[in-house]
Amino acid sequence: MWDKVSGRHLIPLRGVVRLRVTEGRVDRLRVTGNRSENDRDYGFLFNSANRSVLTGNVVIGHPASPDRWRDMGQSSEEGVPAAEPGSDHVAPQKCVFIYNANKNTFTGNHFEGCGTGIHFTAGAEGNRMSRNDFIGNRVQVKYVGTRTLEWSEDGVGNYWSDNAA
């Protein structure tokens with residue numbers, strides 16, 4: 001049995017992330033065809049989500065006002081605060097955050113302009129990553145672990161905009 005989250009355009013409201021898989025242990029989600037743009041912290045957060053498929057999704061980050069972090073995204077302006085010229089802040093901070101999430105498949109996704117493209121931590125194991133685009137993220141990958149990860153399938157890996165190869 002699969003639960004589906006598909007075809008949503010996720011936009012920030014007071015800097016709140018619209019899609020989070022965080023309650024308990026979630027298995028067998030199909031997350032397809034969604035778009036997350038300028039969310040404050042994460043485009044997609046997978047926390048204890050297992051054996052799920054994330055495909056055909058888009059996360060786009062933009063420069064953001066530091067006010068989104070100081071007042072928890074609830075500025076006095078209507079909607080999302082504008083970025084200050086020369087701001088070092090970018091939202092979302094992480095296109096994808098994978099925490100203790102295992103045996104998931106990530107294919108055909110587009111992660112662009114975030115502080116970190118993808119962050120793996122807390123023993124996230126057995127995840128399959130191929131055919132994804134990581135474009136212009138300040139840090140493409142943050143991996144907190146000691147095991148070697150395979151990020152290709154059938155000889156096809158991912159696109160990294162900063163890879164000169």
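Is Arg 35 buried, exposed or partly exposed? I looked this up at the start, in what is a predicted model, and found that Arg 35 is partly exposed, because its relative accessible area is 30%.

**Entry on salt bridges**

I then asked what Arg 35 pairs with, and found a salt bridge to Glu 37 in which the closest N and O atoms are 3.1 Å apart. Glu 37 counts as partly exposed, with 22% relative accessibility. I noted three salt bridges in the structure, and went on to the others.

In the next entry I have Arg 147 and Glu 125, whose side chains meet in a salt bridge at 2.7 Å, N to O. This pair links distant parts of the chain, since Arg 147 is in the loop between β19 and β20 while Glu 125 is in the loop between β16 and β17 (128–130), 22 residues apart. Arg 147 counts as exposed at 52% relative accessibility, whereas Glu 125 is partly exposed, with a relative accessible area of 35%.

I also wrote down Arg 128 and Glu 153, whose side chains form a salt bridge at 2.5 Å, N to O. Here too the pair links distant parts of the chain, with Arg 128 in strand β17 and Glu 153 in the loop between β19 and β20, 25 residues apart. For accessibility I have 42% for Arg 128, which is partly exposed, and 22% for Glu 153, which also counts as partly exposed.

While I was in the loop between β19 and β20, I looked at Glu 150, which is found there. Glu 150 is exposed, because its relative accessible area of 54% is over 50%. I noted that Glu 150 and Ser 130, although 20 residues apart in sequence, are 9.3 Å apart in space, C-alpha to C-alpha.

**Entry on the disulfide**

How many disulfides does the count come to? I found one disulfide, joining Cys 95 to Cys 114 with an S to S distance of 2.1 Å. The pair links distant parts of the chain: Cys 95 is in strand β13 (residues 94–99) and Cys 114 is in the loop between β15 (110–112) and β16 (116–121), 19 residues apart. The torsion about the S-S bond is about 90°, and I therefore recorded the disulfide of Cys 95 and Cys 114 as right-handed. Cys 95 counts as buried at 0% relative accessibility, and Cys 114 is buried with a relative accessible area of 0%.

**Entry on aromatic rings**

I counted seven aromatic pairs and took down two of them in detail. The rings of Phe 120 and Trp 151 have centres 5.4 Å apart and planes at 55°, so I entered this pair as tilted. Phe 120 is in strand β16 and Trp 151 is in the loop between β19 (139–143) and β20 (159–160), so that the pair links distant parts of the chain, 31 residues apart. I found both Phe 120 and Trp 151 to be buried.

The rings of Phe 134 and Trp 160, by contrast, are stacked, with 4.2 Å centre to centre and 10° between the planes. Because Phe 134 lies in strand β18 (residues 133–135) and Trp 160 in strand β20, this pair ties together parts that are 26 residues apart in sequence. Phe 134 is buried, with a relative accessible area of 0%. Trp 160 is at 18% and is still buried, because the cut-off is under 20%.

Which residues form one aromatic cluster? I have Phe 111, Phe 120, Phe 134, Trp 151 and Trp 160 in it. On a separate page I noted that Lys 94 lies over the face of Phe 97, at 4.3 Å from the ring centre.

**Entry on the nonpolar core**

Which residues touch the most other members of the largest nonpolar core? I found that they are Ile 98 and Ile 118, in a core of 21 residues. Two or more residues come from each of β5 (29–32), β7 (42–47), β13 and β16, and the largest share, three residues, comes from β13.

I followed Ile 118 further and, leaving aside its neighbours within four places in sequence, found Ile 118 in contact with Val 96, Ile 98, Met 129, Phe 134, Gln 140, Val 141, Lys 142 and Trp 151. Of these partners, I had already met Phe 134 and Trp 151 in the aromatic cluster. As background, I added that nonpolar side chains tend to be buried together in soluble globular proteins.

Methods
Residues numbered from 1 in each chain as written. Predicted model: local features only at pLDDT ≥ 70, side-chain atom pairs only at ≥ 80, totals over all residues. Heavy atoms only, no water. Disulfide = S-S within 2.5 Å. Helix = DSSP H or I, 4+ residues; strand = E, 2+ residues; numbered from the N terminus. Buried < 20%, exposed > 50% of the residue type's maximum accessible area, 1.4 Å probe, protein only. Phe/Tyr/Trp six-rings, centres within 6.5 Å; stacked < 30°, edge-to-face > 60°. Lys NZ or Arg CZ within 6 Å of the ring centre and 35° of its normal. Core = buried A, V, L, I, M, F, W, Y, C linked by side-chain atoms within 4.5 Å. Contact = heavy atoms within 4.5 Å. Salt bridge = Lys/Arg side-chain N within 4 Å of Asp/Glu carboxyl O.
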